[in-house]
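Got your viewer open and a cartoon on screen? Let's walk through this one stop by stop, selecting as we go.

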Amino acid sequence: MQIDIAIDFFKYCSIINGVIIIISFIVFAFGSDFSYNNNKWLFSGTKEEFKKTIYTVLMFYKMAVIVFNIVPYVALLLIK
């Protein structure tokens, strides 16, 4: 019973984080200039540095989702 709750928890966490990653990538891929112009006051670097920073942040976020959401979900499915 409790393992089913944990499986559902990690499943929905993975889905929600996956959607956030996809939306973030789409927004940045098609609106990077818009994003840069809106965040210029936060970021003091050039547009190229901004793009590198965003891609790096998205990569780390994706790795965190894989390690902390998807891997436990698969492990719980294998245990069950």
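Is the crossing of H1 and H2 left-handed or right-handed? Keep that in mind while you set up the view; note that what you're looking at is a predicted model.

**Stop 1: the helix pair.** Select residues 2-38 for helix H1 and residues 47-79 for helix H2. Their axes come within 9 Å and cross at roughly 165°. That angle is over 145°, the cut-off for this label, so H1 is roughly antiparallel to H2. As for the opening question, the crossing of H1 and H2 is left-handed. Now colour the contact between H1 and H2 by residue type: you should get 23 nonpolar residues, six polar and five charged.

**Stop 2: along H1.** Put a distance between the end C-alpha atoms of H1, and you'll get 45 Å. A straight helix of 37 residues would span 54 Å at 1.5 Å a residue. Next, click on Gly31, where H1 bends by about 95°. Gly31 is also one of the buried residues of H1. To see others on that list, show Ile7, Phe10, Cys13, Ser14 and Asn17 as sticks, then add Phe28, Ser32, Ser35 and Tyr36.

**Stop 3: Ile21.** Stay in helix H1 and pick Ile21. Is Ile21 buried or exposed? Its relative accessible area is 17%, which is under the 20% cut-off, so Ile21 counts as buried. From here, draw a line to Phe68: Ile21 and Phe68 are 47 residues apart in sequence, and their C-alpha atoms are 15 Å apart in space.

**Stop 4: Glu48.** Hop over to helix H2 and select Glu48. With a relative accessible area of 54%, Glu48 is exposed. Try a C-alpha to C-alpha distance from Glu48 to Tyr36, which sits 12 residues away along the chain; the separation is 9.8 Å. Tyr36 itself is on the buried list for H1.

**Stop 5: along H2.** How far apart are the end C-alpha atoms of H2? They are 47 Å apart, and this agrees with the 48 Å that 33 residues should span at 1.5 Å a residue. There is still a bend to look at: H2 bends by about 35° at Ile66. For the buried positions in H2, select Phe50, Leu58, Val65, Asn69 and Leu76.

**Stop 6: Ile79.** Last click: Ile79, also in helix H2. Ile79 is exposed, with a relative accessible area of 62%. Measure back to Val65, 14 residues along the chain, and the C-alpha atoms turn out to be separated by 20 Å. Val65 is among the buried residues of H2, whereas Ile79 is exposed.

Note on methods: Residues are numbered from 1 along each chain as its sequence is written. This is a predicted model: local features need pLDDT of at least 70, side-chain atom pairs count only at pLDDT 80 or more; totals for chains, interfaces and linings use all residues. Side-chain values use heavy atoms; hydrogens and water are left out. Axes are lines fitted to C-alpha atoms, for helices over the stretch in contact, and angles run from 0 to 180 degrees between N-to-C directions. Helices (H or I, at least four residues) and strands (E, at least two) are DSSP runs, numbered from the N terminus. Angles under 35 degrees count as roughly parallel, over 145 as roughly antiparallel, 65 to 115 as roughly perpendicular and the rest as oblique. A crossing is left-handed if the near helix is turned anticlockwise from the far one by less than a right angle, and right-handed if clockwise. Ala, Val, Leu, Ile, Met, Phe, Trp, Tyr, Cys and Pro count as nonpolar, Asp, Glu, Lys and Arg as charged, and the others, Gly among them, as polar. The expected span of a helix is 1.5 Å times one less than its number of residues. The bend at a residue is the angle between axes fitted to the seven residues ending there and the seven starting there. Buried means under 20% relative accessible area, exposed over 50%, partly exposed in between (1.4 Å probe, protein chains only).
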